[in-house]
Amino acid sequence: MADPIYRAPKGTHDVLWPESARRRALVAVFADIVEAAGYTEVVPPMFEHVEVFRRLGDATDVVRKEMYEFEDRGGRHIALRPEQTASIVRSFGEHRPTLPWKAWYAGPNFRYERAQKGRFRQFDQVGIEALGPEDPHLDAEAIATAWRFYESLGLQQVTLLINSLGGPEDRANYIAALHGHFASDLGSLSEESRSTLATNPLRVLDSNRPEDADLIAAAPDMLDHLSADAAAHFDQVQAALTGLEIPFTIQPRLVRGLDYYVRTTFEFTSGAFDAAQNAIGGGGRYDGLAEAMGAPATPGVGFALGVDRTLMACDAEGAFEATSSTVDVFVVDTTGGEAALLITDELRRAGISADRAWDGRSMKSQMRAADRSGAAIAVIVGDDEAESGTASLRDLRGDAGQDTVQRSSITETLLARLK
Ligand code: HAM
């Protein structure tokens, strides 16, 4: 066992091949889908002035307990991003792109959470944010985009939960009603929930302590506190999802962990693994966020999907499997000369992926390396081939055997065979 200092910090992990290739492929699938829907990539910095993230809510766990904050050497108060919506909205305020602005992103986020399976301190997300329209069809488009992405990965056990938190006033009224409800029977709440109630009444609904269950079950319903306007907006989101044939469940207790949400909120859960960490993505509207950051008041809606958890769902469902080879061709050269050096370069320049063995190993050892590489064809240059200006091509996957070609026609022959 390595010295603990030389192990990845708690809540982080190295992603090695082939998992790294699978992640890249997942991001590529996501990029194709969102770019086909008019979203363009934004790459925000991984850290911001801490005030940017304070907008996620002073009472949220993310801000209160989980932020990686520090003062840099210039005395700036900096935080590693715990999510990217706030960064994208900050970027919107800074650059004022034309509306609607449809942005997508992919990359790591940092939260000092209790590390466990599916819950990490550094985790990747892919996501979109659309700023400008209030149109409920944009909410539906965002949800549909995530849904189509999960479909493309081959996931079949994803559930979509939706809710509406209403406008800022509805939300405030509901929070007051919730507070009243819980405060009326404070004695039967768990100690944790009593302290949550003081700072963030909505989050009490998220408690899974058995002693809180009855009071939570009897709590007032968010959907009864919607203004006519918010209710109509939510109805249209539902009608649009129905039109798109995307199945959903209304979950009036769905409270998300960040404070900027108004109106539509949603979450995707996977039925393929345990409840605790089964949220594989989530999002919603945040119509007041831009204004709160000093930008012109601009509605927005978006989502982020957890890459780590999505891949766990893929593992559990046997979907989106990793590829098992790195190169198409492996060059075996036992002459001690430059054949492997020159042939691999020639192949790569022609667009054929190629690797080779090192340190002048024996034929047997190089052939073992060729097999391990997963390549389809071995190019073999031994003393006989070197003398006659040829190379042997051996089929490593099928039973096509081995044949000999002129050294000058290796690339051409391989291009034809690998088609
Ligand atoms: P979030 O629900 O905090 O929302 O995170 C979205 C997803 O990121 C989660 O559903 C989960 O899959 C993944 N995730 C979150 N925390 C962790 C963790 N510690 N370890 C592993 N995966 C994690 C947001 O971040 C919002 N910015 C989403 C959004 C975009 N809302 C509007 N636009």
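**View A. Strand 6 and strand 11 (residues 300-306) run antiparallel and are joined by seven bridges.** The model is predicted: local features need pLDDT of at least 70 and side-chain atom pairs count only at pLDDT 80 or more, whereas totals for chains, interfaces and linings use all residues. Residues are numbered from 1 along each chain as its sequence is written, and side-chain values use heavy atoms, with hydrogens and water left out. Strands (E, at least two residues) and helices (H or I, at least four) are DSSP runs numbered from the N terminus, and two strands pair if DSSP finds at least two bridges between them. Glutamate 129 has glycine 302 of strand 11 as its bridge partner. Strand 6 also runs antiparallel to strand 5, through ten bridges, with phenylalanine 110 opposite glutamine 122 of strand 6. Eight of the ten residues of strand 6 are buried, where buried means under 20% relative accessible area, exposed over 50% and partly exposed in between, with a 1.4 Å probe and protein chains only.

**View B. Strand 4 (residues 77-80) pairs antiparallel with strand 2 (residues 47-49) and also with strand 3.** Three bridges hold strand 2 to strand 4, and histidine 49 faces isoleucine 78 of strand 4. Strand 3 is joined to strand 4 by three bridges, with glutamate 71 opposite histidine 77. Five residues lie between the strands in the hairpin of strand 3 and strand 4, and glycine 75 in this hairpin has a positive phi near 80 degrees.

**View C. Ten aromatic pairs occur in the structure.** One of them, tyrosine 68 with tyrosine 112, is edge-to-face, at 5.8 Å centre to centre and 75 degrees between the planes. Rings of Phe, Tyr and Trp (its six-membered ring) pair if their centres lie within 6.5 Å; planes under 30 degrees apart count as stacked, over 60 as edge-to-face and the rest as tilted. Tyrosine 68 sits in the loop between helix 3 (61-64) and strand 3 (69-71), and tyrosine 112 in the loop between strand 5 (101-110) and strand 6 (122-131), so the pair ties together parts that are 44 residues apart in sequence. Tyrosine 68 is partly exposed at 27% relative accessibility, as is tyrosine 112 at 43%. The pair of phenylalanine 266 and phenylalanine 268 is edge-to-face because the ring centres are 5.9 Å apart and the planes meet at 70 degrees. Phenylalanine 266 is buried, at 0% relative accessibility, and phenylalanine 268 is buried at 0%. Ring pairs join these two phenylalanines with Phe30, Trp104, Phe149, Tyr150 and Phe303 in a cluster.

**View D. Arginine 121 lies over the face of tyrosine 112, and arginine 356 over that of tryptophan 358.** The distance to the ring centre is 3.9 Å for arginine 121 and 4.0 Å for arginine 356. A charge sits over a ring if NZ of Lys or CZ of Arg is within 6 Å of the ring centre and within 35 degrees of the ring normal.

**View E. Leucine 226 lies in the loop between helix 9 (213-217) and helix 10 (228-243).** Leucine 226 is buried, with 16% relative accessible area. Its C-alpha is 7.6 Å from that of glycine 167, although the two residues are 59 apart in sequence. Beyond neighbours within four places in sequence, leucine 226 is in contact (heavy atoms within 4.5 Å) with Ser164, Leu165, Gly166, Asp170, Ala231 and Phe234.

**View F. Cis peptide bonds precede proline 18 and proline 100.** Omega is near 10 degrees for the bond from tryptophan 17 to proline 18, and proline 18 belongs to the segment before helix 1 (19-35). For the bond between leucine 99 and proline 100, omega is about -5 degrees; proline 100 is in the loop between helix 4 (85-95) and strand 5.

**View G. Arginine 96 and arginine 263 have positive phi without being glycine.** Phi is about 45 degrees at arginine 96, a residue of the loop between helix 4 and strand 5. With a relative accessible area of 48%, arginine 96 is partly exposed. At arginine 263 phi is near 55 degrees. Arginine 263 belongs to strand 9 (residues 262-270) and is buried, with a relative accessible area of 10%.
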